[in-house]
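Q: Please take a close look at the helix packing in this structure. Which helices pack against each other, and through which residues?

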Amino acid sequence: MTTIRREVLTLPAAPLGPDNPLPPLRPLDEAHRIDERDRAGLPRDMARQVGYEPLRSLLPAPVRDGYGRVREPREFDALVIENDRLRATVLPALGGRVTSLFHKPTDRELLYVNPVLQPANFALNGAWFSGGIEWNIGATGHTTLSCSPVHAARVPAPDGGEMLRLWEWERLRDLPFQVDLWLPRDSDFLHVGVRVRNPHERPVPTYWWSNIAVPEDRRVLAPADEAWLFGYERRLRRVPVPTHDGADRTYPRNSAYAADWFYEVPDGRRRWIAALDEHGHGLVQTSTDVLRGRKLFVWGTGPGGRRWQEWLTEPGTGGYCEIQAGLARTQLEHVKLEAESEVSWLEAYGPLDADPEGEWHTVLRGAEDRLEAVLPRTGVDAAYEDWRPHADAEPGERLATGSGWGALEVLRAGWKLPGTPFEEATLGDEQRPWLHLLHAGSLPEPDPGAPPGATLVARPWRDMLETTAATPVAEYHLGVAQWHEGDRAQAVRSWERGLKNAAARWPLLRCLAVADQEDGHHERAADRYAEAFDDLCARVPDGAEGSPRASGTSDASGGGEAGAREALPGSGGETSWTAAAAALGGEAIGALLAVGRTADARAVWERLAPSVRARGRFRLTEAALLAAEGRRAEARAVFDEGFEVADLREGDEIIGRLWARLADEPLPARHDFRMRPDGD
């Protein structure tokens, strides 16, 4: 039977640092959107789900961009699930990621195990890391919970042993979910029961993809003759499987550029996907039919794909690809979850031995026959039915604690969610102002020693904000909620009202500056950004880490990644001011440069702390500022000295565009993160 124990895993890791305190008001920069020309040719259900309530913004989730690239040995609490055949290692503080799945009889690791923990800007809200099995819920892309803690506890398993339950509250769609993991006696397969619940009185868009990292020197098998191909040029095409454009694309190394291959698994066919090495050994994932989609993601063999692989781990550790399983055909879609309903399914992960070489249908038949022999399809369906009565079992010993957002929502609505208790004891500092609003009808004044805290944007919270006293802090949060819902004119009015009596003006001014930019009033946006940064500079406590300095001083002693080695989000105090100064300063410089005000941009730059200016993102900003000032040689020197933009966004080509303005030679390999062919 399954046993569960605690363990400490030590990895070279870059700390996450503080969250960005500025609310993410701009439209979501999300790669999984298709060209409108491709929508007309889609199957009807797919077209409907592609257009169904795409995510408008990241709110209320914060942007997580406080990490760096200085890795030091760091301990992580791990939970190990084990029987005499398999050992699975789970990191509850990092989204419940299954970081290893080890098969004992063959002494083989079934997953790609990243030897380091290096956050990078791939999640919807920033920080994400590669490797293992991740649980993606919320909206198209890597979940905002990629680097966040989840609740964990022991619960009884269907076979009488132990089961590890992970659960959390997903904030983008306000949905609770759970992931139950167990290993039946003598089983070679990790069983995973997943449930997503909609407690609301309205339908909610739902998204789920289980992403499995495996070494890329594999052949990927899935029961399909066609796939929907989606690349970074954002075109969606139906193509044959396995051969496309003269190459067998089921071998990840046969693709030159990063791409998604969403397999068209026929209705009625068993749902599975496998990755096998040249000897026929590897991993298979299968599920009940509700989890209908299967996908292969490849980085490609081009310089950009290779650079990203190095960026996410260490050079020389071997590449990886991802095999995935989701609720829809593609990751461009959201599925409607009806009011007061739920969706659930069972997945199984384990070893598969089959011949990967040969004619496609022959290979598929052999692999499918082998899978049926070791884990019959009827056995997966039966395991799901056995699990369902246990999904409501109350957790026993608590093994890890997630966030307090679920507890706050349960208190507000009085929901009963058997099996996933969101207890008041989990409420923390981030939830306390909102708990006060819920019970007392008013928002407390913010701590003068810290930037404003998290904002809630769901309609019930907006209603409470609209009826509470119109203090500056209430107007600030109300404006953010109105902006999120698309009431932009109302949001601007709320922020302008709050500004009249605000002691700290910079949070409201920054919101108004973003509104001006979105409306095309770039000069006014630049004015407001400059005023906001001046106000912030006047309010940072003397001696605070990362505080803006007096204009014109220069001190290069800050250390390149000092800001990245701060406490985790929510710690407040000095780390919050560091994050606020860096975030607001970076936006202000960009706004000022956009309207040609290089002197004002330089004034902001000079007031940033040395530890902030030495970060890779701000070294890139410095090069852009120098280029705008006509100092091209000095801008080029910044590149020659070297820098690393820790939070470079997936698909972002900002480095290459700036380089093209400064030099005639090709972009240096260390800066080449391009994910698409030239000219696309």
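A: The description below takes two helix pairs in turn. The model is predicted, local features need pLDDT of at least 70, side-chain atom pairs count only at pLDDT 80 or more, and totals for chains, interfaces and linings use all residues. Residues are numbered from 1 along each chain as its sequence is written, and side-chain values use heavy atoms, without hydrogens and water.

Helix H13 spans residues 598-607 and helix H15 spans residues 616-628; their axes lie 10 Å apart, at an angle of about 150 degrees. (Helices are DSSP runs of H or I, at least four residues, numbered from the N terminus; axes are lines fitted to C-alpha atoms over the stretch in contact, with angles from 0 to 180 degrees between N-to-C directions.) H13 is therefore roughly antiparallel to H15 (over 145 degrees; under 35 is roughly parallel). The crossing of H13 with H15 is left-handed, that is, the near helix is turned anticlockwise from the far one by less than a right angle. H13 contributes Thr598, Ala601, Arg602 and Trp605 to the contact, and H15 contributes Phe618, Glu622, Leu625, Leu626 and Ala628 (heavy atoms within 4.5 Å). This contact of H13 with H15 comprises six nonpolar, one polar and two charged residues (Ala, Val, Leu, Ile, Met, Phe, Trp, Tyr, Cys and Pro are nonpolar; Asp, Glu, Lys and Arg charged; the others polar).

In the second pair, helix H5 (residues 405-413) packs with helix H6 (residues 432-440) at about 5 degrees, the axes being 11 Å apart. H5 is therefore roughly parallel to H6. Trp405, Leu408, Leu411 and Arg412 of H5 meet Trp434, Leu435 and Leu438 of H6. The contact of H5 with H6 has six nonpolar residues, no polar residues and one charged residue.

Notes
Helix = DSSP H or I, 4+ residues; strand = E, 2+ residues; numbered from the N terminus. Parallel < 35°, antiparallel > 145°, perpendicular 65-115°, else oblique.
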